[in-house]
Amino acid sequence: MAPGLHLLISWLTTVEIIKERRERALIALTGLAPDLDGAGIIVDFFTGTTQYYFKYHHYLGHSFLFAFLTASIAAFLAKSQKMLVWFLSLFIIHLHLICDLIGSRSPDGYQWPIYYFYPFNSYYGFAWAGQWELNAWQNQVIGLLLLIFCLYYLIVKKITFLEVFSKRLDSAAVGMYDRWRGNKV
């Protein structure tokens, strides 16, 4: 699944449970964190000779050790609800892994296995024969549904997933919506 969809799923999962913006942002970012192991694609692009993306994607960030460490860091950085932040972060990371297992096949047919036990076992990866492509209609429908839910939160609760990045960005988006609707800001 694409990182943008992981962000929306992560934020929507916590928006009703976690009261503070900072903690929601931490948890939402943990939902993106497993894809940090795909950053090698940038080096590969510029060098043209390395294979970091294919060597490390779904290894480093898609393991239970990474999930545990990332959830622990999020809980440490949280100012309130630390245990809840830890559990939800751990849950969100595993939701990320499940989504990747279900819908992250590359267009050339390569299935991205999840090396959950890395670095203790780098030979066995989890894969599912029914894994659909990253750009398949299923992911597009999921993305549309997530956007509809985000629109609900904008209209009804006056909050957006942009709060993950900054309060000002979130306020600006809500203000733009209010101006569009003709409401007073």
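This is a tour of a predicted model, taken one selection at a time.

**Helix 6**

Begin by selecting helix 6, which runs over 82-103. Helix 6 is made of 22 residues and reaches 31 Å from its first C-alpha to its last, close to the 32 Å expected at 1.5 Å a residue. Now colour its buried residues, which are Val85, Trp86, Leu88, Ser89, Leu90, Ile92, Ile93, His96, Leu97, Cys99, Asp100 and Gly103. To see what these buried residues pack against, add helix 1, helix 2 (21-32), helix 5 (64-77) and helix 7 (137-157) to the view.

Stay with helix 6 and pick out Leu84, which lies in it. Leu84 has a relative accessibility of 32% and therefore counts as partly exposed. Once its neighbours within four places in sequence are left aside, Leu84 is in contact with Ile17 and Ile18. If you draw a distance from the C-alpha atom of Leu84 to that of Ser106, which is 22 residues away along the chain, it should read 34 Å.

**The cavity**

Which residues line the largest cavity? Select His6, Ile9, Ser10, Gly31, Ile92, Leu95 and His96, and its lining is in view. Two elements, helix 1 (3-14) and helix 6 (82-103), each give two or more residues to this lining. Ile92 and His96 belong both to this lining and to the buried residues of helix 6 that you coloured before. By class, the lining has 3 nonpolar and 4 polar residues, and no charged ones. The space inside comes to about 40 Å³, and the structure holds 1 cavity of 30 Å³ or more.

**Helix 7**

Next, move to helix 7, whose 21 residues should span 30 Å at 1.5 Å a residue, and whose end C-alpha atoms, 29 Å apart, agree with this. Its buried residues are Asn139, Gly143, Leu146, Cys150, Tyr153 and Leu154. Turn the view until you look down the axis of helix 7: these buried residues fall within an arc of 100 degrees, so they line one face of the helix. On the other side of helix 7 you will find Trp137 and Leu144, both exposed. Among the elements that cover the buried residues of helix 7 are helix 1, helix 6 and helix 8 (167-181). Where helix 7 is followed by Lys158, check the backbone of that residue, for its phi is positive, near 55 degrees.

**Arg24 in helix 2**

Is Arg24, which you can select next, buried or exposed? Arg24 lies in helix 2, and because its relative accessibility is 7%, where buried means under 20%, it counts as buried. Show the residues that Arg24 touches, not counting those up to four places away in sequence: they are Trp11, Thr14, Val15, Ile18, Lys19, Ile159 and Glu163. Ile18 is thus a contact of Arg24 as well as of Leu84, where the tour stopped earlier.

**The largest pocket**

Finish at the largest pocket, where about 300 Å³ of space lies. Of the 18 residues that line this pocket, Pro3, Asp35, Tyr53, His57 and Leu134 lie nearest its centre, and selecting these five will bring you there. Its lining, sorted by class, has 10 nonpolar, 5 polar and 3 charged residues, whereas the lining of the largest cavity has no charged residues.

Technical notes. Residues are numbered from 1 along each chain as its sequence is written. This is a predicted model: local features need pLDDT of at least 70, side-chain atom pairs count only at pLDDT 80 or more; totals for chains, interfaces and linings use all residues. Side-chain values use heavy atoms; hydrogens and water are left out. On a 1 Å grid over the protein atoms alone, a cavity is a set of points where a 1.4 Å probe fits but cannot get out, and a pocket is an open set with protein on both sides within 12 Å along at least five of seven lines; lining residues have an atom within 4 Å of a point. Grid points are joined across faces, edges and corners, and a volume is the space filled by probe spheres set on the points. Helices (H or I, at least four residues) and strands (E, at least two) are DSSP runs, numbered from the N terminus. Ala, Val, Leu, Ile, Met, Phe, Trp, Tyr, Cys and Pro count as nonpolar, Asp, Glu, Lys and Arg as charged, and the others, Gly among them, as polar. The expected span of a helix is 1.5 Å times one less than its number of residues. Buried means under 20% relative accessible area, exposed over 50%, partly exposed in between (1.4 Å probe, protein chains only). Contact means heavy atoms within 4.5 Å. The arc is that of the directions from the helix axis to the C-beta atoms.
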